[in-house]
Amino acid sequence: MIEMDQVIRMGTLLKAHGVQGEMVLSVPEYLDWSEDLDCLVCQIDGILVPFFIESFREKSATAMLVKFQDIDSLEATSRFIGLKVFLPKKFAVESDDDTLSWESFIDWTAVDREVGKLGTITAIDDSTANILFQIRDGNRERIIPANEEWIDGIDEKKRLLTFNLPEGLADL
């Protein structure tokens, strides 16, 4: 059984591409993987399930076209659309720079200079061009754009992300 600590969030299957089983996979620009990549892992009903890749090619800087083995029709792709996709860590290629990925902020505390504590970052929504932080504080959930201009401080030791949000954004 594959566990979450064995994978890295790669993206989301957005839509079918054509009628032969190919799908569009959103991918972050910072993530790099080995050319030996032979499978991806999809989260289905909370369970991580590996799928072997038949073909995998670049569509844009933030999208790949992927076709899994034995998925050969538009109808077969329909059960995959919207699924979260993960990269097995053994295929991840380390970056030479010290840049933190958006996913590395999951489980960090988010605060705003004016409002104070916003909550805990629970997820990153990278299914569109505008990456969003999902932040939960008790029963309240906030969606904050991952705009670098609004990030005022990063404390890796305290796992604290400090924002300087435009007035009113934290209250939405």
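**View 1. Aromatic pairs in the predicted model.** This is a predicted model. Its aromatic pairs number 7. One of them joins Phe51 and Phe80. The two ring centres lie 5.0 Å apart and the planes meet at 80°, so this pair is edge-to-face. Planes over 60 degrees apart earn that label.

**View 2. Where Phe51 and Phe80 sit.** Phe51 belongs to strand S4, residues 47–60. Phe80 is in the loop between helix H1 (74–77) and strand S6 (84–88). The pair therefore ties together parts that are 29 residues apart in sequence. Are these two residues buried or exposed? Phe51 has a relative accessible area of 13% and is buried. Phe80 is buried too, at 1% relative accessibility. The cut-off for buried is under 20%.

**View 3. The pair Phe105 and Phe133.** Here the ring centres are 6.1 Å apart. The planes stand at 80°, so this pair is also edge-to-face. Phe105 lies in the loop between S6 and strand S7 (109–112). Phe133 lies in strand S9, residues 132–137. The pair thus ties together parts that are 28 residues apart in sequence. Both Phe105 and Phe133 are buried.

**View 4. An aromatic cluster.** Which residues join Phe105 and Phe133 in one aromatic cluster? They are Trp108 and Phe163.

**View 5. Cysteines without a disulfide.** The whole structure holds 0 disulfides. Cys39 takes part in none. Its nearest cysteine sulfur belongs to Cys42, 9.9 Å away. Why is there no bond from Cys42? The closest cysteine sulfur to that of Cys42 is the one in Cys39, and 9.9 Å is too far for a bond. A disulfide needs the two sulfur atoms within 2.5 Å. Both residues are buried: Cys39 has a relative accessible area of 10%, and Cys42 has 0% relative accessibility.

**View 6. The largest nonpolar core.** This core has 22 residues. Met10, Leu13, Leu40, Phe68 and Phe80 have the most contacts inside it. Which strands each supply at least two of its residues? They are strand S1 (7–17), strand S2 (22–26), strand S3 (39–44), S4, strand S5 (63–68) and S6. Phe80 thus appears twice in these views: in this core and in the ring pair with Phe51.

**View 7. Around Leu13.** Leave aside the neighbours within four places in sequence. Leu13 then touches Met23, Val24 and Leu25, among others. Its contacts also include Cys42, Val66 and Phe68. Phe80, Ile81, Gly82, Leu83 and Val85 are in contact with Leu13 as well.

**View 8. Another nonpolar core.** Apart from the largest core lies another, of 17 residues. Among them are Trp108, Ala110, Ile144 and Ala170. Trp108 is also one of the residues in the aromatic cluster.

**View 9. The whole chain, for context.** The protein chain has 1 helix and 12 strands. From the N terminus on, its elements run β-β-β-β-β-α-β-β-β-β-β-β-β. The C-alpha trace spans about 55 × 35 × 30 Å along its principal axes. Of the 172 residues, 39% are buried. Among contacts between residues at least 6 apart in sequence, 55% join residues at least 24 apart. The chain exposes about 10200 Å². Carbon and sulfur atoms supply 46% of that area.

Definitions and conventions. Residues numbered from 1 in each chain as written. Predicted model: local features only at pLDDT ≥ 70, side-chain atom pairs only at ≥ 80, totals over all residues. Heavy atoms only, no water. Phe/Tyr/Trp six-rings, centres within 6.5 Å; stacked < 30°, edge-to-face > 60°. Helix = DSSP H or I, 4+ residues; strand = E, 2+ residues; numbered from the N terminus. Buried < 20%, exposed > 50% of the residue type's maximum accessible area, 1.4 Å probe, protein only. Core = buried A, V, L, I, M, F, W, Y, C linked by side-chain atoms within 4.5 Å. Contact = heavy atoms within 4.5 Å. Areas by Shrake-Rupley, 256 points an atom, 1.4 Å probe, with all protein chains shown as cover.
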